[in-house]
Amino acid sequence: MTPQDLKDVMSSGLLSFPVTDFDSNGDFNAKGYAARLEWLAPYGASALFAAGGTGEYFSLYGEEYGQIIKTAVDTCRGKVPIIAGAGGPTRTAIAHAQEAERLGAHGILLLPHYLTEAGQEGLIAHVEQVCKSVKFGVIVYNRDRTRFTPESLAILAERCPNLVGFKDGMGNIETMSSIFMKMGDRFAYLGGLPTAEIYAAAYKALGTPVYSSAVFNFIPKTAMDFYEAVRTDDMATQHKLLKEFFMPYLKIRNRVEGYGVSIIKAGAKLVGHGAGPVRAPLTDLKPSEMEELKALIDKLGPQ
Ligand SMILES: O=C([O-])C(=O)C[C@H](O)[C@@H](O)C(=O)[O-]
C-alpha cells in the first residue's frame, strides 16, 4: 500500500485498535489474537491498528512485536488493512517500523517517544528519521510528551512525503484547529483521544470527522452505530448512547490511571472474547467494576 493509499484509507470510516491477547502466564497468545481479528474484521472498520496504545505496545518485549504484527497481517489479508504501532526511542521505533514493513503491514502509527521532554527540533529529527527509514505511510501520534506545533508539522510534511496522517490524542481545540488550518488536506486526521466517541461530534465540527474507537473491541455494533450517527449528524442517537452508555462508562474508566486500556480488556472478557489480563504497570478492573460494566453492556443488547 502506498502512503497515498494509506491516507485514503484514513480519510473515512471508523478505525480501531484491537487489544493484544495474553495467556494466563501473560505471554502473547497468537491463536486468541487471530480469533479476535477474525471476529472483528467483518464489522466494517476501515483499518485496524495492531500493537497500538490499546494493544499495549508500551508493554511488549523482544520478538513479540513481530509475532503480533505477523498474526494481524496474515489474519486480515484481503479483509482490512493493518497499521502497526511503532514508538519509543528513535532506534526502537525505526526497528519496529522496518519490521512492520517487512511483515506486510500497510503503514505505522508512530507512538510517542520515551520518558524525556523534547523540543520541537528534536521531535522533528525523531519523526524524520523514522519516516526516512521506511517506504510505507506514517501517521504521527500527538500525545503526552510528543506534541507538535503546526510549524513543526509543516517542516515534517515538506521533508517526509510518506508522513500522511496526524492522530490527535490531546484534545486541545486551539492546537487541533491551528494544525488543520495550516496543513489542510496534506494529512488525513484521526481523532484518537481515549474513548474518542466523546469528542467525535466536536472534531467533526472542526472538519476532522474520522476517529478511532477502542470500545469497538467489545461492542462493535454499537461502535459502528455511533459512528453512523456521527456521520449523519444524528444527534438523538449520539445523545442517547452518550447518556446511557458512555457517560457511566467514563465514571468507571476514570477511577484508575491506565483503565483506558484495562476497561477494554474487561469488556472483551464480558462479551466472551477475553484477551487475558493487562500487563503491569496497568491493572485489571476489580470484580465490582466488572459487574458495573456488564450492566452497561447488557443494556445495549446483542452485538
Ligand atoms: O492508542 C490507542 O489505542 C488509542 O488512542 C486509540 C483508541 O481507540 C482511542 O481512540 C479510544 O480509546 O477510543
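Visitor: What share of the 303 residues of the protein chain counts as buried?
Guide: The figure is 45%. Keep in mind that this is a predicted model. To count as buried, a residue needs 20 or more other C-beta atoms within 10 Å of its own, and 45% of the chain meets that bar.

Visitor: How do you know whether the radius of gyration of the protein chain agrees with that of a compact globule?
Guide: Set the two values side by side. For 303 residues the globule rule gives a radius near 19 Å, and the chain comes in at 18 Å, so the two agree. Along the principal axes, the C-alpha trace spans about 50 × 45 × 40 Å. As for what fills that space, the chain has 12 helices and eight strands.

Visitor: And the contacts: what part of those between residues at least 6 apart in sequence joins residues at least 24 apart?
Guide: That would be 72% of them.

Visitor: Let's go inside. Which residues touch the most other members of the largest nonpolar core?
Guide: Leu48, Ile69, Ala84, Ile108, Leu110 and Ile139 do, out of 88 residues in that core. Helix α11, residues 259-270, gives the most to it, with six residues.

Visitor: What makes leucine 48 a good example, and which residues is it in contact with beyond its neighbours within four places in sequence?
Guide: Its list runs to Ser16, Pro18, Leu37, Leu40, Ala72, Cys76, Val80 and Ile82. A contact here takes C-beta atoms within 7 Å.

Visitor: How do you know which way β3 and β4 pair, and over how many bridges?
Guide: They pair in the parallel sense over four bridges. Two bridges are enough for a pair, so four qualify. Glycine 85, for instance, has leucine 109 in β4 as its bridge partner.

Visitor: What joins β4 to β5?
Guide: Four bridges again, and the two strands run parallel. Glycine 107 stands opposite glycine 137 in β5.

Visitor: Which residues of strand β4 point one way, and which the other?
Guide: Gly107 and Leu109 point one way, Ile108 and Leu110 the other, and all are buried.

Visitor: Why is strand β5 called mostly covered?
Guide: Count its residues, 137-142: six of six are buried. Gly137, Ile139 and Tyr141 face one way, while Val138, Val140 and Asn142 face the other.

Visitor: Why does glycine 191 count as buried?
Guide: Glycine 191 has 26 C-beta neighbours inside 10 Å, and the cut-off is 20, so it passes. Glycine 191 sits in strand β7. Its contacts beyond four places in sequence include Asp168, Ala196, Tyr203 and Thr208. Threonine 208 is 17 residues away along the chain, with 7.4 Å between the C-alpha atoms.

Visitor: Why is lysine 79 called partly exposed?
Guide: Lysine 79 has 13 other C-beta atoms within 10 Å. Exposed means 12 or fewer and buried means 20 or more, so 13 falls in between. Lysine 79 lies in the loop between α3 and β3. Serine 46, 33 residues away in sequence, is 9.7 Å from lysine 79, C-alpha to C-alpha.

Visitor: What makes the phi of alanine 51 worth a look?
Guide: Phi is positive there, about 55°, although alanine 51 is not a glycine. The residue belongs to the loop between β2 and α3.

Visitor: Is that alanine 51 buried or exposed?
Guide: Buried: 33 other C-beta atoms lie within 10 Å, and 20 would do, so the label holds.

Visitor: What about the phi of threonine 195?
Guide: Threonine 195 has a positive phi near 55°, and it is a residue other than glycine. You'll find it in the loop between β7 and α8. With 18 other C-beta atoms within 10 Å, threonine 195 stops short of the 20 for buried, so partly exposed is the verdict.

Visitor: Which residues are around the ligand?
Guide: Threonine 195 is one of them, and the set also includes Phe17, Gly52, Gly53, Thr54, Pro194, Ser212 and Ser213. By class, the shell has four nonpolar, eight polar and no charged residues. Gly goes with the polar ones under this scheme.

Visitor: Last one: what kind of peptide bond joins alanine 280 and proline 281?
Guide: A cis one, with omega about 15°. Proline 281 lies in the loop between α11 and α12.

Definitions and conventions: Residues are numbered from 1 along each chain as its sequence is written. This is a predicted model: local features need pLDDT of at least 70, side-chain atom pairs count only at pLDDT 80 or more; totals for chains, interfaces and linings use all residues. A residue is near a molecule or strand if its C-beta atom, placed from the backbone, lies within 6 Å of it. A nonpolar core is a set of buried Ala, Val, Leu, Ile, Met, Phe, Trp, Tyr and Cys residues joined through C-beta atoms within 7 Å. Two residues are in contact if their C-beta atoms, placed from the backbone, lie within 7 Å. The radius of gyration is taken over C-alpha atoms; the globule rule is 2.2 Å times the number of residues to the power 0.38.
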